[in-house]
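Q: Please take a close look at one part of this model, namely the salt bridges and the chain segments that they join. I would like the cut-offs stated along the way.

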Amino acid sequence: MPKRSFAMAKNKMHTSAHRHYEDDNEWGCGSWLEYTLVVVLSSVLLLGSLGLTLFWVIQYRGGFAWREDPKRQFNLHPVLMVAGFITFSGFSVLLYRICRCCRRIYVKLLHTVFHALAIPCVALGFLSVLDSHNLAQPPIPNFYSLHSWIGLVTMGLFAIQFVVGFFSFLILLCCEGATAGFRAALVPIHASFGLTTFVLAIAASVTGLTEKALFTLGDAYPEWREEGIVINALGISFIALAILVSFAVRSNNLKSDFKVTVVERM
């Protein structure tokens with residue numbers, strides 16, 4: 001009898017804990033609506049901003065080239081930087097909100113893959129703007145504008161984030177138990193600097209668009225030219241992304257829950 005009573009009590013405890021876990025993680029209609037709106041809008045803007053950048057460069061700036069045409073080589077810079085710093089990095093941040101049903105290790109790997117995809121984009125984008133400035137006749141000075149300063153800070157933070165994240169959250173998994181406390185303490189720091197890097201990338205993009213519009217359109221910019229409208233729309237889409245992605249990361253309602261149930265632990 002005592003054994004049977006103990007077994008029944010244990011089963012009740014399991015059932016109660018499991019129900020409590022489900023109640024804590026159950027979403028209402030409002031939460032699902034918020035999740036859908038934020039994730040869908042963010043995804044559309046992440047892809048749409050890259051598409052609009054491509055449209056602007058091809059339609060109004062003459063497309064792409066390499067060192068044989070420094071003026072058109074510059075066009076690689078905005079496209080690759082938007083692809084790397086905004087589209088790929090934005091999705092890497094949103095993965096922790098989109099992939100709610102995936103195991104945490106898979107989300108980490110996807111997060112790393114998106115960051116890894118951003119690296120060649122950023123490197124080639126940086127090289128293209130340097131070449132286009134240095135090969136121009138006469139050469140254009142480098143690193144004098146606010147846009148370039150923000151861009152350099154963004155690249156530095158991005159590099160630090162990738163190295164620290166790769167080492168801490170992937171390499172240290174080989175000794176998971178011994179490094180669990182360190183990795184747990186690093187998570188909020190890594191997340192905060194990741195969001196900071198993304199917002200800085202938005203700031204660099206907006207200042208770069210303004211700089212490009214003033215240089216290329218000049219006095220025609222206030223005349224509501226079609227290209228100017230496209231540039232402004234692109235800038236607004238970047239600002240909307242900064243708001244949406246920041247909200248998605250900071251909102252408690254949208255946080256993915258990777259906890260293990262009490263039943264699974266026992």
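A: What follows treats the salt bridges one by one and then turns to the aromatic contacts of a helix that takes part in them.

The model is a predicted one, in which local features need pLDDT of at least 70 and side-chain atom pairs count only at pLDDT 80 or more, while totals for chains, interfaces and linings use all residues. Residues are numbered from 1 along each chain as its sequence is written, and side-chain values use heavy atoms, with hydrogens and water left out.

Side chains of opposite charge can pair when their charged atoms come close. With a salt bridge taken as a side-chain nitrogen of Lys or Arg within 4 Å of a carboxyl oxygen of Asp or Glu, the count comes to 4. One of them joins Glu227 to Arg61, with the closest N and O atoms 2.8 Å apart. This pair links distant parts of the chain, since Glu227 belongs to helix α8 (residues 226-250) and Arg61 to the loop between α2 (29-60) and α3 (70-73), 166 residues apart; helices here are DSSP runs of H or I with at least four residues, numbered from the N terminus. Glu227 is buried at 8% relative accessibility, whereas Arg61 is partly exposed at 22%, where buried means under 20% relative accessible area, exposed over 50% and partly exposed in between, with a 1.4 Å probe and protein chains only.

The loop between α2 and α3 also holds Arg67, which lies 64 residues from Asp131 in helix α5, and the side chains of Asp131 and Arg67 meet in a salt bridge of 2.7 Å, N to O. Asp131 counts as buried at 10% relative accessibility, while Arg67 is partly exposed at 45%. A further salt bridge, between Glu223 and Arg225, has an N to O distance of 3.2 Å; Glu223 is partly exposed at 49%, and Arg225 is partly exposed at 41%.

Helix α5 (residues 104-134) also carries Phe126, whose aromatic partner Phe143 sits 17 residues away in the loop between α5 and α6 (146-169). Their rings are stacked, at 6.2 Å centre to centre and 25 degrees between the planes; rings of Phe, Tyr and Trp (its six-membered ring) pair if their centres lie within 6.5 Å, and planes under 30 degrees apart count as stacked, over 60 as edge-to-face and the rest as tilted. Phe126 is partly exposed at 25% relative accessible area, and Phe143 is partly exposed at 39%.

Methods:
Helix = DSSP H or I, 4+ residues; strand = E, 2+ residues; numbered from the N terminus.
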